[in-house]
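Subject: Structure handover

Hi,

Here is the structure I promised to pass on. Please open it next to this message and follow along.

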Amino acid sequence: MAAEGGGKEMNEIKTQFTTREGVYKLLTHSEYSRPNRVPFNSQGSNPVKVSFVNVNDQSGNGDRICFNVGRELYFYIYKGVRKAADLSKPIDKRIYKGTQPTCHDFNPITATAESVSLLVGFSAGQVQLIDPIKKETSKLFNEERLIDKSRVTCVRWVPGSESLFLVAHSSGSMYLYNVENTCGTTAPHYQLLKQGENYAVHTCKSKSARNPLLRWTVGEGALNEFAFSPDGKFLACASQDGFLRVFGFDAAELHGTMKSYFGGLLCVCWSPDGRYIVAGGEDDLVTVWSFSDCRVIARGHGHKSWVSVVAFDHCTTSVEDGDPPAEFSGSDEEFHEQIHFGAGRDRANSAHSRLSKRNSTDSRPVSVTYRFGSVGQDTQMCLWDLTEDILFPHLPLSRTRTHTNVMSATSPPATGQTTTTTTTTTTTTTTTTNATAVSATNPSGTNGKDNVSNSSTSGNPANSLPSTLPRSNSFTTTTTTTTKGNSIIDSAFIATGVSKFATLSLHDSRKERHEKDHKRNHSMGHISSKSSDKLNQLSSTRTAKAEAAKTLGTTLCPRMQDVPLLEPLVCKKIAHERLTVLIFLEDCLVTACQEGFVCTWARPGKVGLLSSQNNPANSPSGTVV
């Protein structure tokens, strides 16, 4: 990790930073905000959120951006690194009274140049379906707040569906809606459909079709965020009680859980191939969890306050294996799906990413590096590299790592074939990566004596040799057991026709004193000003403390010395206010802070696209660090 320096340099806002790929530069002309560009007074407001959609415009400028600032919601053409932003011409702008937008999500399936479907969740519990291109409001769900009165924390379209969407609330409940159904004029009555450890699923009892179709109650306290696996089969939920729970979505079966090291989990994301989940929260850590092994494989420490967003960078995942290059394995249809995925504009749930290797009999291991990022309430952005010495601690490292950017067809997913072949190597010389893995018991992470984890919940011994990453990313055993029997959505009389996938995430917690520091410093943005949310927060915090004592040192929450500790590749202060957005796109990455500024960072080699169309003298300045 690069040294930050001291004093004044510590507080300097960075406009450039360097990784192994080159220099990322902030494009000041591509900044989106309210038209007056005045910093927003964020006290007591909900976090700024950003959503993207591509409308497949024939002009080649099909990207659209939506973001909320306080009571306002904006919808623009997103020009990215190509042209400067024109804030004087929003496609749509809405100002709400009595409530604030908290989250939103586009449906990528139905989006066209003439119409888009945008879901918007609100602080008072309602969900609105709007079309910002036609400037229409189609429907308002939970209008009378009969379904749930608490703040909407997360809203997502069900992958592959034109009509189903899922909504999470700070009450700890999730609801499945159908846009074609009404919400009724009376409070819904529920019937228990499935129950498990700390969760239950109810169906709505009604003589006619109405919303919600299902109600999930998950854990204790707020359900802060959920994320569908890349193919939509599994659902990872990050809760204020500090647990990350991963469910098979159709069958509503619990696949695995993880406990944070301290406090609540605030954010969660899946790796592009669905093998790993990263979660962040109030312990200031990022935690990497293996879906197939159901265990924590690493933690990352770089933030100084709560981690608000985690996201994988699908464009900077590396594959290097010596002789034959990684090739695509699969049908033409899957190939084109991956080309679409590599474009980077669609959500991760629209792709089934699989890192594959051509020759299953080749004796040379495949070197893999996953890149992910995080932003926090400490105003810092961190980039992390998850390398094979962490993924496979018992295998010698490959001789070299080229870290070639794999995009589009260069990093395609494999088909559903499985193989029992494993690879070995006699190479012992290694090169040092920028993301250092440090373990108290085994700093190198390459020794067979590495005490990395406890036994897996999947039944594997603690020190069993993990299978090599590619040949296939399909989870045959897991998929078979999860999809057996009747789908719980079918039980609710819904045919989704959606294929799904899986991954889980774990929570980390730290020392109790950090919670007091966070609340005093950077942690105001996550907690709603509503008294009900504060009560839920207090209750869940007490629960988290009790659970931490029970789970620390178990497979749910291994001790810090029992798993590798990652250091960030990059850790830079990039804003004056807490950061609330991190999105990786093909030619840039996008961040946003609570002041209402949405910033575009050009990837190495992409900054010229904008500067060639604008005065080079206006290009962003700053020290490369």
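Is D293 buried or exposed? D293 is buried, with a relative accessible area of 16%. Keep in mind throughout that this is a predicted model.

**Salt bridges**

D293 has a charged partner. Its side chain meets that of R295 in a salt bridge, at 3.7 Å from N to O. R295 is buried as well, at 9% relative accessibility. Both values fall under the 20% cut-off for buried.

In total, the model holds 15 salt bridges. Another one to look at is E72 with R34. Their closest N and O atoms are 3.9 Å apart. E72 sits in strand β5, while R34 sits in the loop between β2 (22–32) and β3 (50–54). The two are 38 residues apart in sequence, so the pair ties together separate parts of the chain. E72 is buried at a relative accessible area of 15%. R34 is buried too, and its value is also 15%.

Next, go to D385 and R371. This salt bridge has its closest N and O atoms 2.5 Å apart. It links distant parts of the chain: D385 belongs to strand β28 (residues 380–387) and R371 to strand β27 (residues 367–376). The separation is 14 residues. Both D385 and R371 are buried. The pair does not stand alone. Through shared partners, salt bridges join R20, E21, R371 and D385 into one network.

**Aromatic pairs**

How many aromatic pairs does the model have? The count comes to 25. F75 and F106 make one of them. Their ring centres are 5.8 Å apart, and the planes meet at 50 degrees, a tilted arrangement. F75 lies in strand β5 (residues 72–77) and F106 in strand β7. With these positions 31 residues apart, the contact links distant parts of the chain. Both rings belong to buried residues: F75 has a relative accessible area of 2%, and F106 has 2%.

F226 and F228 give an edge-to-face case. Here the centre-to-centre distance is 6.1 Å and the angle between planes is 85 degrees. F226 is buried at 0% relative accessibility. F228 is buried at 7%.

There is also a ring cluster. Ring pairs connect Y32, F52, F67, Y74, Y76 and Y78.

**Charges over rings**

Two contacts of this kind deserve a look. The charged end of R215 sits over the ring of Y190, 4.2 Å from the ring centre. The charged end of K259 sits over the ring of F243, at 5.9 Å from its centre.

**Sheets**

Start with the four-stranded sheet. It is open, its pairing is antiparallel, and its order is β7-β8-β9-β10. The edges are β7 (101–106) and β10 (136–141), each of which pairs on one side only. F106, from the tilted ring pair, lies in β7. On average, neighbouring strands of this sheet are turned by 20 degrees against each other, direction ignored.

Inside this sheet, β8 (residues 118–122) and β9 (residues 127–131) run antiparallel and are joined by four bridges. L119 faces L129 of β9 across the pairing.

The other sheet has six strands. It too is open and antiparallel, in the order β11-β12-β13-β16-β15-β14. Why do β11 and β14 each have one side without a neighbour in the sheet? They stand at the edges, and each has a single partner strand, so one side is left free of a sheet neighbour. β11 covers 152–157 and β14 covers 189–196. Neighbouring strands in this six-stranded sheet are turned by 20 degrees on average, again with direction ignored.

Within it, β15 (residues 199–205) pairs with β16 (residues 214–218) in the antiparallel sense. Five bridges hold that pairing. Y199 stands opposite V218 in β16.

**Where to look**

For a quick tour, begin with the D293 and R295 salt bridge. Move on to the network of R20, E21, R371 and D385. Then view the tilted pair of F75 and F106, and finish at Y199 opposite V218.

Best wishes

Methods. Residues numbered from 1 in each chain as written. Predicted model: local features only at pLDDT ≥ 70, side-chain atom pairs only at ≥ 80, totals over all residues. Heavy atoms only, no water. Pairing = 2+ DSSP bridges. Axes fitted to C-alpha atoms, helices over the stretch in contact; angles between N-to-C directions. Phe/Tyr/Trp six-rings, centres within 6.5 Å; stacked < 30°, edge-to-face > 60°. Buried < 20%, exposed > 50% of the residue type's maximum accessible area, 1.4 Å probe, protein only. Lys NZ or Arg CZ within 6 Å of the ring centre and 35° of its normal. Salt bridge = Lys/Arg side-chain N within 4 Å of Asp/Glu carboxyl O.
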